[in-house]
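Welcome, and please open the model in your viewer. We will take a short walk through it, one selection at a time.

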Amino acid sequence: MRRVPAGRRPLDWLRQLARWATTALAALTLVGGTALTATGSAAAAPRAWTPKPSPMTTPWTNQVPTDNPLPEYPRPQLTRPDWANLNGIWDFAVTSADAGQPDTFTEQIRVPFVAESALSGIQRKITENDKLWYKRTFTVPSNWNGRRVQLNFGASDWRTTVWVNGRQAGATHSGGYDAFSYDVTDLLTAGTNTIVVSVWDPTETGTQAIGKQRIRDVAPHPGGGILYTAASGIWQTVWLEPTASAYISRLDMVPDLANNRLKVTVRGTGTNGHQARVSVSTGGTTIGTATGPVGTEFTVPVPNPHLWTPEDPFLYDVKADLLSGGTIVDSVGSYTGMRSIGIARVDGVLRPVLNGRFVFQTGTLDQGYWPDGIYTAPTDAALRHDLQKHKDLGFNMVRKHIKVEPQRWFYWADRLGLLVWQDMPSMERTPDAAARTQWEAEYDRIIDQHRSSPSLVMWVNQNEGWGQYDQARLADKVKAADPSRLVDNMSGVNCCGAVDGGNGDVVDHHVYVGPGTTVPSATRAAVLGEFGGLGFKVAGHEWYPGGGFSYEDQPDLAHLNNRFVGLIDAIREVRMPRGLSASVYTEITDVENEVNGLLTYDRQVVKVDEARVRAANRALIDASRGATAPITLPTGQYKSLRVTTPGYTDRFVRHKDGAVFTEIVGGGSDGLLKNDATWKIVPGLANSSCYSFESRNYPGEYLRHRDYRVYKEAGSGDLYRADATFCPVRGANGGVRLSAYNFPEQYLRHYNAELWLTTPGGTHTWDNPALFTEDTTWTVEAPWAP
């Protein structure tokens, strides 16, 4: 889609006008009714440029405009009617890292796609020895005369310097995930202006936040593991915006449900002596207004607030006016959602509570990678898509993993209704003092830029010990900076040498495949920050065919569905009643050679049965709203366990020569058989909230699983005690299912008269799905040998 030069045909010109009109109307929807008159006027005329072939094509790869990609308003929580999008074709050059501005720019790049991506038109590896250079011209719209002009960058990775008409605009910016701006008014000239940008990105050779980026060949290749292609340079929208000399730069909004009000702090530039007026409305009707000093918190009444929840993500409109005396000198639009998040004791268990109520948070790990744009989604519809798929699959939460998305991603999470756990991207190694200062300063800015998003409910400081330091101090610091949200000091405290700071609001384990046995403490709720990783390769939809890996490969889609639903059911039946409050499945999509996704990397195939996964997630969420206490068994008593499978209800669990079977037992059976079929129920050897089953005629020997087969054995040590502990789950018709304490998704089952530990969706013979639920359900009955 190229602009036709002078001499173009009238039809082509009309098509161009139609594209501009479509862009303006799309943006108009968000900013509330004022046309974005400057959007098209600043676009540079692209020359002969084409994207590179993408290694995988998403549904949006070929929908990206050449001259105006990502045309939507980029900052939905602080909107103004006039702005000019600078996305599109820029001149481009790469020099050595220590070089100055090149004399010529021999290439062209489509901003805001990174140089490693196909959509940029460059698609090659960038290293620490390279410096990226961007150049384009623009004309300031004439109706901006008399106003200041701000040049805004959504994000650029990593060290960015900007010149306008040959003069540097402000200080060099260091940071890959936060937005930054320059007032370029005094650098502008009448007519055409030239902007030049340089970016240096050392990726893992530096000390900055990089997340999962690593310097790699950009063509698909074997290996890579859980680390992916680097993303260097500008990767979010670049745009111009006119403001008054005194203007609003940020709105900090915190709902106060207890007092039916919104706490607001209006931040500004050049605003000494100014007042701010904030109004909250819905459907065009103002429901609350208040005035207060700029930079100081004040409150706006929101009577009978309509609460924001994942099921009902209701958003209020917000308008803020900057006042000089009685004159409005600046106005911005925004929105808010009235919700609270906290930690409270529910039925004796510490839980996260949304609007004062416990609701289980079930989500996925979302890496935010794209095969065509790498760090940048090809279109706004694509950015929305992955969040919508979470909703379609019944999830109510998403963990944004080791990356911070554009503000429009948060807008879609706010609007669609997803709880967001936001990771701070990690560093490659333990940082020195300078790196710590940089990392914390960038984290501070990220918190400030996203603190008003209602969907964001938890900050995740560090992950699995990557670049870890000062865990407790950082958790306290983030909590002080944003007390309205939960803080996770370390996701995966049980993994990879991570050091738990011991504070924050949650204790967070990673268990693959899981779901494991995370339990709350006296001060922190229990969450499962990562689990799952069930893999399936879809032919024709692999990044590097044959190169994919997972934490547990599935032989076919039937096993994938059964295994996944089995994990969610185990959380609902076993782990949630014992204190687990949230879980994050790895992951929503495949990423390069990771094939753990519920969707393929190209977003072309949903691997799982959507309806079935949605039903499992809904059942988990619904169960959390009711009684969540675990069921109990009578301890200190002898009992017998009877089969409930139709046609086999005269069989009982008995041991014989060390192994455990089921056998017909009746009144006429001999005494040895009756003793073998009798078990004493005692508190679990590994955890007293579960149970162990001691042999009647061999005291000190317990029902124990080992290599899936079940035995009667004595033993000691943590492994033995865990293998000999089982947690009861409510079964059908008054029955009970017994899950392994250390493998909550696996259940005791009789199969061909033998007792096995079996897995829904497992690949062993004894995991056969036929009659699985019936074979794993028992009744606890009077003992054959009292």
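Start by selecting Cys-690 and Cys-727: their link is right-handed, with 85° about the S-S bond. Keep in mind as you look around that this is a predicted model. Cys-690 sits in the loop between strand S39 (679-683) and strand S40 (691-695), while Cys-727 belongs to strand S43 (residues 726-730), so the disulfide ties together parts that are 37 residues apart in sequence. Zoom in on the sulfur atoms and you will find them 2.0 Å apart. Are these two cysteines, Cys-690 and Cys-727, buried or exposed? Both are buried.

Next, select Cys-495 and Cys-496. They also form a disulfide, with 1.9 Å between the sulfur atoms. Turn on the surface here: Cys-495 counts as buried because its relative accessibility is 16%, under the 20% limit, whereas Cys-496, at 53%, counts as exposed. The chain has two disulfides, and their pattern is 1-2, 3-4 when bonded cysteines are counted along the chain.

Now move to residues 341-346, which make up strand S23. This is an edge strand of an open, antiparallel sheet of three strands, ordered S23-S24-S25. The other edge is strand S25 (357-358). Follow S23 across to S24 (residues 349-354), where six bridges join the two in the antiparallel sense. To see one of the contacts, pick Ile-341, whose bridge partner in S24 is Leu-354.

For the last stop, select residues 126-201. An unreviewed UniProt entry lists this span as "domain: Glycosyl hydrolases family 2 sugar binding". The span is 54% strand and 0% helix, and its end C-alpha atoms lie 8 Å apart.

Technical notes:
Residues numbered from 1 in each chain as written. Predicted model: local features only at pLDDT ≥ 70, side-chain atom pairs only at ≥ 80, totals over all residues. Heavy atoms only, no water. UniProt positions renumbered as here; feature names shortened; annotations may be inferred. Helix = DSSP H or I, 4+ residues; strand = E, 2+ residues; numbered from the N terminus. Pairing = 2+ DSSP bridges. Disulfide = S-S within 2.5 Å. Buried < 20%, exposed > 50% of the residue type's maximum accessible area, 1.4 Å probe, protein only.
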